[in-house]
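Subject: the two-chain model, handed over

Hi,

Here is the structure I promised to pass on. Have a look at it first, and then read my notes below.

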Amino acid sequence: MRKFRESLIEKFILLNGLASILFVILIFFFLAKDGVALFKTVRLSDFLFGIFWDPLAEPPQFGIVPLFLGSLMVTFGATAISVPLGIACAIFIGEIAPRWMREFLKAGVELLAAIPSIVIGFIGMTMMAPFVKKMFSLPTGLTALSGAIALAFMAIPTIVSIMEDAISAVPRSYREGSFALGATHWQTIYRVIIPAASSGIVASVMLGIGRVIGETMAVMMITGNAAVIPRTILEPVRTMTATIAAEMGETVRGSDHYFALFAVGMVLFLITFAINLIADAALHRERK
Amino acid sequence: MVNPGTEKIVAEDLNIYYGPLHVLKNVTLSVRNHEILGIIGPANSGKTSFLKALNRLNDLNPNCRMSGSIRIDGKDINREMDAEDIRKRVAMVFALPLPLPMSIFDNIAYGPRRHGIKNRKELERIAEKSLRSAFLWDEVKDRLTGSAMKLSGGQQQRLCIARTLAVDPEVILYDEPCSGLDPISTAKVEEAMFELKARYTQILVTNNVKQAARVGERVAFFLMGELVEADDAKKIFTAPNDKRTEDYITGRFG
């Protein structure tokens with residue numbers, strides 16, 4: 001009887017564990033089912049390498065390149081801003097700040113993570129965009145750069161909290177060992193603590209990027225939504241996510257446009273999947 | 001150059017507090033050049049706190065306060081020297097062997113590199129010399145680039161000693177260096193300490209009274225934060241002045 005109960009509970013837990021994987025697989029199949037339907041009428045190469053996205057033109061153009069570059073530029077910009085800031089912030093919280101300030105800062109960073117993205121979009125639209133416009137004397141402030149700055153604020157909490165965990169997890173003994181050999185505080189941070197925490201640092205950056213690339217609302221509000229290939233970061237762009245959100249409501253179910261948005265979603269899914277895999281691999285490398 | 005027997009380190013009226021805890025009470029103790037001073041005493045008697053005061057590792061603990069003075073060659077370590085300088089001159093080997101997560105060679109080179117030695121040949125020379133002094137060279141010479149974490153416990157502890165020697169200190173502090181080691185590894189560590197006597201002043205904190213008797217020339221007995229007595233090892237182990245010392249070494253408490 002007892003054995004039966006044991007095995008029942010085990011099966012139940014197993015089922016729960018498998019469920020999450022099942023969901024991912026189902027979501028992917030659902031995406032793929034409608035996404036692949038596009039390629040009955042549009043050639044795969046036209047989709048992947050087409051440089052025009054204009055679903056309303058005659059004939060409609062479904063080239064993902066401008067959207068992909070838009071996402072890439074915003075993500076790259078946000079990463080370039082958030083990673084150095086995040087690393088410095090995590091090191092300060094984990095290593096340098098006195099204890100009372102540490103708790104205070106950690107709470108602050110977590111609060112930053114709790115700000116709804118629409119609020120960040122709102123602030124970006126009303127404050128950041130005019131600032132960028134003025135700073136570079138542009139015709140419009142709704143640019144990839146404004147979006148990158150706003151997204152950096154969303155990536156920083158993810159980066160800081162995971163990285164700070166990684167830094168705190170470095171055994172105290174490493175610090176003492178290094179200090180006892182006459183190393184300074186900075187030498188200890190740079191030569192011992194950061195290398196020892198490197199896998200967590202890589203994972204935090206990857207997850208931060210994952211957060212940025214999937215973000216929709218704020219970028220839709222701030223980046224200007226022009227589906228053209230950007231030449232510089234000071235031009236309006238449109239990301240893959242914003243495209244789906246903006247156009248889904250106007251499509252006819254079963255039309256090429258509808259399928260094309262699913263195909264874009266599929267590309268997005270594959271990108272975030274790859275990023276998560278890299279983060280995971282980095283975390284596991286250390287555990288060995 | 002140095003006269004064995006003259007005073008190397010003098011601690012005077014040393015008091016240490018961790019927050020509200022008074023862990024070291026009015027300790028006055030001197031350490032002579034090139035001697036091995038054994039420090040014995042039960043847990044929480046202030047042995048490690050005393051040791052960490054000598055190279056200012058207590059500075060890392062924000063709750064720690066101290067009063068009194070510690071002088072090395074006449075210079076006050078808290079008022080007249082940088083923490084990094086004092087830690088280079090007074091190096092420490094910890095209770096648990098704690099190699100840094102890098103190769104054997106990099107562990108040894110870590111200290112010298114931090115003090116400005118970049119030349120690869122010079123680092124290799126230092127590494128070999130330190131590893132030989134710690135009786136580890138023959139065991140690791142073929143795998144210097146391998147991870148230090150893969151060594152056995154005894155080898156790791158001797159690596160830590162070698163790493164300490166590589167910064168060319170004057171004084172070596174050992175904080176229960178053999179508490180996690182088997183008897184054979186312990187014997188090797190003790191052998192290394194004897195060998196190093198010619199060049200270094202050494203202080204050994206140990207829970208193991210027999211080890212203090214084997215290795216120490218002079219022995220200090222700490223109890224509840226007080227220095228009960230410090231004398232030649234022979235005297236301590238045959239005719240101690242204080243009843244409490246006798247009780248401790250004969251195993252009546254602690």
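Strands E9 (residues 218–223) and E10 of chain B run antiparallel and are joined by six bridges. Strands here are DSSP runs of E with at least two residues, helices are runs of H or I with at least four, and both are numbered from the N terminus. Two strands count as paired if DSSP finds at least two bridges between them. Two of the bridge partners in E10(B) are easy to look up: B:Glu229 sits across from B:Phe221, and B:Asp232 is the partner of B:Arg218. E9(B) and E10(B) make a hairpin with two residues between them, and B:Met224 in the turn has a positive phi of about 50 degrees.

Before going on, some housekeeping: this is a predicted model, where local features need pLDDT of at least 70 and side-chain atom pairs count only at pLDDT 80 or more, while totals for chains, interfaces and linings use all residues. Residues are numbered from 1 along each chain as its sequence is written, and chains are lettered from A and ligands numbered from 1 in the order in which they are written.

The hairpin belongs to an open sheet of six strands in chain B, with mixed pairing and the order E6-E7-E8-E3-E9-E10. Strand E6 (90–93) and strand E10 (226–232) of chain B are the edges; each has a single partner strand, so one side of each has no neighbour in the sheet. On average, neighbouring strands of this sheet are turned by 20 degrees against each other, direction ignored (the axes are lines fitted to C-alpha atoms, and angles run from 0 to 180 degrees between N-to-C directions).

As for chain B as a whole, it has ten helices and ten strands. Its C-alpha trace spans about 55 × 40 × 40 Å along the principal axes. The radius of gyration of chain B is 18 Å, which agrees with the value near 18 Å for a compact globule of 254 residues (taken over C-alpha atoms, with the globule rule being 2.2 Å times the number of residues to the power 0.38). Of those 254 residues, 45% count as buried. Buried means that 20 or more other C-beta atoms lie within 10 Å of the residue's own, exposed means 12 or fewer, and partly exposed is in between, with C-beta atoms placed from the backbone.

One helix of chain B that is mostly covered is H3 (residues 104–114), with eight of its eleven residues buried. Among them are B:Ile104, B:Asp106, B:Asn107 and B:Tyr110. What do the buried residues of H3(B) pack against? They pack against helix H4 (120–133), helix H5 (137–140) and helix H6 (153–166) of chain B. After H3(B) comes B:Gly116, with a positive phi near 100 degrees.

Now for chain A, which has twelve helices and two strands. From the N terminus, two helices come before the two strands, and helices make up the rest of the run. The C-alpha trace of chain A spans about 75 × 70 × 30 Å along its principal axes, and 41% of its 288 residues count as buried. A:Thr126, found in helix H5 (residues 117–135) of chain A, is exposed, with 10 other C-beta atoms within 10 Å.

How do the chains meet? In total, 15 residues of chain A are in contact with 20 residues of chain B, where contact means C-beta atoms, placed from the backbone, within 7 Å. Helix H7 (172–180) and helix H8 (185–196) of chain A each supply at least two residues of the side that touches chain B. H7(A) gives the largest share of that side, seven residues.

Finally, the cores. The largest nonpolar core has 131 residues, and A:Leu151, B:Ala162, B:Leu173 and B:Phe221 have the most contacts inside it. Such a core is a set of buried Ala, Val, Leu, Ile, Met, Phe, Trp, Tyr and Cys residues joined through C-beta atoms within 7 Å. Helix H6 (residues 144–168) of chain A gives the most to this core, 17 residues. Leaving aside neighbours within four places in sequence, the contacts of B:Leu173 include B:Leu51, B:Val90 and B:Ile203. A second, separate core of 16 residues includes A:Val42, A:Met240, A:Phe259 and A:Ala263.

Cheers

Methods:
Two residues are in contact if their C-beta atoms, placed from the backbone, lie within 7 Å.
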